[in-house]
Amino acid sequence: MRRLLCLLSLMTAASIGASFHMPRTEPALSDIARTTMIRSKRTPLRMTQPSEDTEMPSTSSFNKKRIIPIAVLTTISATTIAAFTGHLPGPLIDATAPPFFANLPFGVLFAGSYEAYPQTLIYRDLGATVISIVGASLFVKACTYPVTVGKLQPRDSRKIIHTFSAPLFILVWPLFSNAYGARVFASIIPLMNALRLYLAGTGGTGDNNNDRSTADGSENELAQAISRSGNAEEALGGPFVYVLVLLFFTFFCFTDSPVGVISIATMAAGDGLADLIGRRFGSNNKWPFNKDKSVAGSTAFVSGALVASFGLISWLTGFGVMDPLDLNTIDLFVRLLVISVVCAAVELIPAGDDNYSVPLSAAILSSYLLT
């Protein structure tokens with residue numbers, strides 16, 4: 001019995017000693033997989049969903065930013081090709097002759113006989129177009145940026161652009177040549193501004209209501225600067241009509257007649273200054289039949305329209321790009337004063353949009369009084 005107990009003791013000690021010296025073996029792969037599956041059942045995998053406030057990059061936003069550059073390059077390229085291929089008239093030869101390009105679909109727009117469009121004039125008009133586009137962009141940026149940083153009210157920025165953009169555009173008309181097709185190059189500037197306003201008012205695509213409230217980049221900045229209430233859709237109202245009127249008179253009148261210049265100057269300088277001056281100095285001198293208008297604003301309208309019309313006509317005739325009128329300085333000044341006063345009265349009518357009623361009235365009056 002004692003020997004049996006000793007043998008059992010030795011066997012137990014040997015087993016304990018072996019347990020201290022035996023290397024630890026790693027569990028089998030099947031055991032790890034089984035453990036992982038058990039843990040995954042206990043704690044299911046959670047997928048993190050992006051919040052609604054997280055801004056995700058959109059391919060449409062990148063496409064919208066390319067619309068303006070692509071449109072500018074396409075329009076300029078098409079106009080330049082049309083000039084080089086003889087589809088745009090050059091300088092006038094005889095205003096009483098039949099249309100030189102009457103065989104073309106749009107030939108009825110060109111009255112008289114014209115030379116071919118020389119390459120030198122094409123390059124000149126192309127350069128004037130590029131300069132005008134760059135200048136217009138810098139001017140609008142100078143008016144819209146102070147709004148984004150809180151240095152200027154949107155309504156003031158809107159009226160500053162309204163007052164000065166069109167007259168400044170007319171000031172660069174002497175850069176264009178005397179070719180009839182130069183007006184097509186010049187019309188690219190208001191056409192591109194119309195496209196910018198459309199993108200600003202619709203948010204670029206207008207796929208939904210949220211897109212209409214915001215635009216990308218400079219279009220968003222422009223929409224904020226020209227809206228009274230912060231609503232981007234206001235860009236499709238008066239400002240859009242403004243550039244369409246500018247486009248119309250640029251294409252159909254240009255430097256041929258003072259009608260377009262007077263209509264644009266009256267709409268821009270007259271109506272713009274009326275609002276800027278009227279809001280600051282017209283609170284105590286409202287018209288009794290229209291409480292939204294003031295004597296101070298109407299006075300500023302007449303002064304702005306008169307000075308802008310007289311100055312721009314003198315500018316264009318001084319550079320020789322517009323034929324001088326058969327009127328002396330006093331007669332011209334008096335007739336422009338009559339046009340300005342009547343248009344100021346039209347602006348007081350509380351109906352319609354003065355962005356088209358004022359230039360239409362100016363066009364009718366100047367056609368009768370000056371031509």
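**Exercise 1. Identify the residue with which D256 forms a salt bridge, and place both partners in the chain and by exposure.**

Solution. In this predicted model, D256 is bridged to R183, and the closest N and O atoms of the two are 2.5 Å apart. The next step is to locate the partners: D256 sits in the loop between α9 (238-252) and α10, while R183 belongs to helix α6 (residues 182-202), and the pair thus links distant parts of the chain, 73 residues apart. For exposure, the cut-off for buried is under 20% relative accessible area, and that for exposed is over 50%. At 47%, D256 counts as partly exposed, whereas R183, at 2%, counts as buried.

**Exercise 2. Determine which elements are linked by the salt bridge of R280 and D156, and state the exposure of each residue.**

Solution. The side chains of R280 and D156 meet in a salt bridge at 3.1 Å, N to O. R280 lies in helix α10 (residues 258-281) and D156 in helix α5 (residues 154-171), so that this pair links distant parts of the chain, 124 residues apart. R280 is partly exposed at 46% relative accessibility, but D156 is buried, with a relative accessible area of 11%. Salt bridges with shared partners also join D156, D275, R279 and R280 into one network.

**Exercise 3. Describe the salt bridge between D271 and K159, and give the total count of salt bridges.**

Solution. A salt bridge joins the side chains of D271 and K159 at 3.6 Å, N to O. Because D271 lies in helix α10 and K159 in helix α5, the pair ties together parts that are 112 residues apart in sequence. D271 is buried, with a relative accessible area of 3%, and K159 is buried as well, with 7%. The count comes to six salt bridges.

**Exercise 4. Characterise the largest pocket and the second largest pocket by volume and lining.**

Solution. Begin with the largest pocket, which holds about 910 Å³ of space. Its lining comprises 45 residues, and R158, K159, I161, H162 and Y242 lie nearest its centre. Helix α5 gives the most to this lining, with nine residues, and by class the lining of the largest pocket divides into 18 nonpolar, twelve polar and 15 charged residues.

Turn then to the second largest pocket, whose volume is about 650 Å³. This second pocket is lined by 29 residues, of which L92, T255, D256, V321 and D323 lie nearest its centre, and its lining has 18 nonpolar, five polar and six charged residues.

Note on methods. Residues are numbered from 1 along each chain as its sequence is written. This is a predicted model: local features need pLDDT of at least 70, side-chain atom pairs count only at pLDDT 80 or more; totals for chains, interfaces and linings use all residues. Side-chain values use heavy atoms; hydrogens and water are left out. A salt bridge is a side-chain nitrogen of Lys or Arg within 4 Å of a carboxyl oxygen of Asp or Glu. Helices (H or I, at least four residues) and strands (E, at least two) are DSSP runs, numbered from the N terminus. Buried means under 20% relative accessible area, exposed over 50%, partly exposed in between (1.4 Å probe, protein chains only). On a 1 Å grid over the protein atoms alone, a cavity is a set of points where a 1.4 Å probe fits but cannot get out, and a pocket is an open set with protein on both sides within 12 Å along at least five of seven lines; lining residues have an atom within 4 Å of a point. Grid points are joined across faces, edges and corners, and a volume is the space filled by probe spheres set on the points. Ala, Val, Leu, Ile, Met, Phe, Trp, Tyr, Cys and Pro count as nonpolar, Asp, Glu, Lys and Arg as charged, and the others, Gly among them, as polar.
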